[in-house]
Amino acid sequence: MPGGAALERGWTYEVREEPVAVSYQAEGEFWRWVNRQTPVRLNRQVSLLGLPPLVKPEIQRAMFPHTHAPTKGAVRPRSSRQQLADHCRRQKVISLAEINFDGVPHRAATVARLSLKQPQAVYFTREETKAAGFLQVQHFGVSWGPVAGHLDLTNVTQQSLRDYIAHRLTH
């Protein structure tokens, strides 16, 4: 193991409740190696470990429509979202908006581009959206066909009416 990491003598792969002692010849070298590794999930989940605070919710938001769409006949490989997360981790991007698409697999790039086409619930609070003249419906746990992520309120000039509409979305 990098850094000379070794488990305690006599340790086996059986399940234990107590922690296992690890010794290192060079602990810093071991942790540098660990931090360079790409997380691998074998349970069909996407690993967002190690992503910057904004990229993680952006990718989660990109996955959200797939949880509410019909699945019969749909091809939505988890690997494309994992490839996107891995690429963002390697590039150390702060947001999907700054991603360099060179070397990004086609389906992973498509996930990112579709995510960037609409206002994101991760960028605005409920109050900020009302003040800007729209409501991000995901803030309210609402999703319906004719509204593509946001409800335009620019023609509603009365703040009290905007507040009423937002209130109705939650009740």
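**Figure 1. Helices and strands of the whole protein.** This protein has 6 helices and 4 strands, where helices (H or I, at least four residues) and strands (E, at least two) are DSSP runs numbered from the N terminus. Read from the N terminus, the order is β-β-α-α-α-α-α-β-β-α. What you're looking at is a predicted model, in which local features need pLDDT of at least 70 and side-chain atom pairs count only at pLDDT 80 or more, while totals for chains, interfaces and linings use all residues. Residues are numbered from 1 along each chain as its sequence is written, and side-chain values use heavy atoms, with hydrogens and water left out. Of the 171 residues, 32% count as buried; buried means under 20% relative accessible area, exposed means over 50%, and partly exposed is in between (1.4 Å probe, protein chains only). About 11500 Å² of the protein is exposed, with carbon and sulfur atoms supplying 54% of that. Those areas come from the Shrake-Rupley method with a 1.4 Å probe, and for residues only the protein chains shown count as cover. As for contacts (heavy atoms within 4.5 Å), take those between residues at least 6 apart in sequence: 46% of them join residues at least 24 apart.

**Figure 2. The aromatic cluster of Y24, F30, W31 and W33.** The structure holds 3 aromatic pairs. Rings of Phe, Tyr and Trp (its six-membered ring) pair if their centres lie within 6.5 Å; planes under 30 degrees apart count as stacked, over 60 as edge-to-face and the rest as tilted. F30 and W31 make an edge-to-face pair, at 5.1 Å centre to centre and with 80° between the planes. F30 also pairs with W33: the ring centres are 6.0 Å apart and the planes sit at 40°, so this pair is tilted. Both F30 and W33 belong to helix α1 (residues 27–36), 3 residues apart, or about one turn of the helix. How covered are these rings? F30 counts as buried at 11% relative accessibility, W31 as partly exposed at 39%, and W33 as partly exposed at 29%.

**Figure 3. A salt bridge inside helix α3.** Searching the whole structure turns up 1 salt bridge, meaning a side-chain nitrogen of Lys or Arg within 4 Å of a carboxyl oxygen of Asp or Glu. Which side chains make the salt bridge? They are those of D86 and R89, at 2.8 Å from N to O. Both residues lie in helix α3 (residues 78–91), 3 residues apart, about one turn of the helix. An α-helix has 3.6 residues a turn, so residues three or four places apart point the same way. D86 counts as buried, with 12% relative accessibility, and R89 counts as buried too, with 16%.

**Figure 4. H87 in helix α3, and K92 in the loop after it.** H87 counts as buried, at 7% relative accessibility. Not counting residues up to four places away in sequence, H87 touches I99, N100, D102, G103 and V104. Over in the loop between α3 and α4, K92 is exposed, with a relative accessible area of 66%. Phi of K92 is near 55°, a positive value in a residue other than glycine.

**Figure 5. The largest nonpolar core, with its 18 residues.** A nonpolar core is a set of buried Ala, Val, Leu, Ile, Met, Phe, Trp, Tyr and Cys residues joined through side-chain atoms within 4.5 Å. L48, L51, V55, I59, L84 and C88 have the most contacts inside this one. Helices α2 (55–68), α3 and α4 (106–116) each give it two or more residues. Leaving aside neighbours within four places in sequence, C88 is in contact with L51, V55, I59, V93, L96 and I99. There's also a second, separate core of 5 residues, including L135, L153, V156 and A166.

**Figure 6. The buried side of helix α4.** The buried residues of α4 are A108, A109, V111, A112 and S115. They sit on the same side of the helix, because they cover an arc of only 155° around the axis. That arc is taken from the directions from the helix axis to the C-beta atoms.

**Figure 7. L169 in helix α6 (residues 159–170).** L169 counts as buried, at 18% relative accessibility. Along the chain, L169 and L135 are 34 residues apart, and their C-alpha atoms are separated by 9.7 Å.
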